[in-house]
Amino acid sequence: RAIQHLNSAVRYDAVSPRALVNRGRVFIARNDPVMAEDDFNRAVDLDQKDASTLLNRGMYLFVHGAKDKSLQDFDGALVAEPDNAYAAIWRYLAAAELTDKESAKQSLDKTVKEQKETTSWPWPVALAIAGQSSAED
C-alpha cells in the first residue's frame, strides 16, 4: 500500500527527489534493491546537492558493497550540509573500510571540531568515534 501512495506522489511530482527517496526506502524494506537503487539514482540526478538524497543513496551503496561510491555521496552530503552528523558518521564508516581507520578517524575528528553544536543526536556518537568523549559522557 505504501508503494501505491508513493507511486502516486512520484507521478504527481515527477521532479521530487524526496518522493523518489521515500519510495526507494520502501523498496529496500520490501527487499527490492534494483528498484531502490533506481529511485535513489533518479533522486540524485534531480538534485545532486541535496544532503538527504546523497546520504540515503550513500547508505544504500555502502550496505550493498559499493563503498567507494558511497564515500563520494557522503562527501557530497557533507559539502551540502557540513553539520550533518549522520553523513559524517557514515563517511567515517566508508573511509575506514576503504583506507585505514586512523585516517578515517582523523577526517571525522576534523569534521567534529568544525561543528558549533555537538550535543544533539547523533553527534555524541561521532564524538565517541573521534575519541573526543567517552560513551559514558
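**View 1. The largest nonpolar core of the predicted model, which has 25 residues.** In this predicted model, the residues with the most contacts inside the largest nonpolar core are Phe74, Leu108, Val112, Trp123 and Ala126. At least two residues of this core come from each of H4, H5, H6, helix H7 (101-113) and helix H8 (123-130), and H6 gives the most, with 9 residues.

**View 2. Surroundings of Ala126 and a separate core.** When residues up to four places away in sequence are not counted, Ala126 touches Ile89, Leu108 and Val112. Apart from the core that holds Ala126 lies another core, of 9 residues, which includes Phe27, Ala36, Leu61 and Ala66.

**View 3. Helix H4 (residues 51-63) and its span.** The 13 residues of helix H4 should span 18 Å at 1.5 Å a residue, and this agrees with its end C-alpha atoms, which are 18 Å apart. Gly65, which follows H4, has a positive phi, near 90°.

**View 4. Burial of helix H4 and the helices that cover it.** Because 10 of its 13 residues are buried, H4 is largely enclosed by the rest of the structure. The buried residues of H4 are Ala51, Thr53, Leu54, Leu55, Asn56, Arg57, Gly58, Tyr60, Leu61 and Phe62, and what covers them includes helix H2 (17-29), helix H3 (33-46), helix H5 (67-80) and helix H6 (85-98). Leu61, one of these buried residues of H4, is also among the residues of the 9-residue core.

Definitions and conventions. Residues numbered from 1 in each chain as written. Predicted model: local features only at pLDDT ≥ 70, side-chain atom pairs only at ≥ 80, totals over all residues. Heavy atoms only, no water. Helix = DSSP H or I, 4+ residues; strand = E, 2+ residues; numbered from the N terminus. Expected span 1.5 Å × (residues − 1). Buried < 20%, exposed > 50% of the residue type's maximum accessible area, 1.4 Å probe, protein only. Contact = heavy atoms within 4.5 Å. Core = buried A, V, L, I, M, F, W, Y, C linked by side-chain atoms within 4.5 Å.
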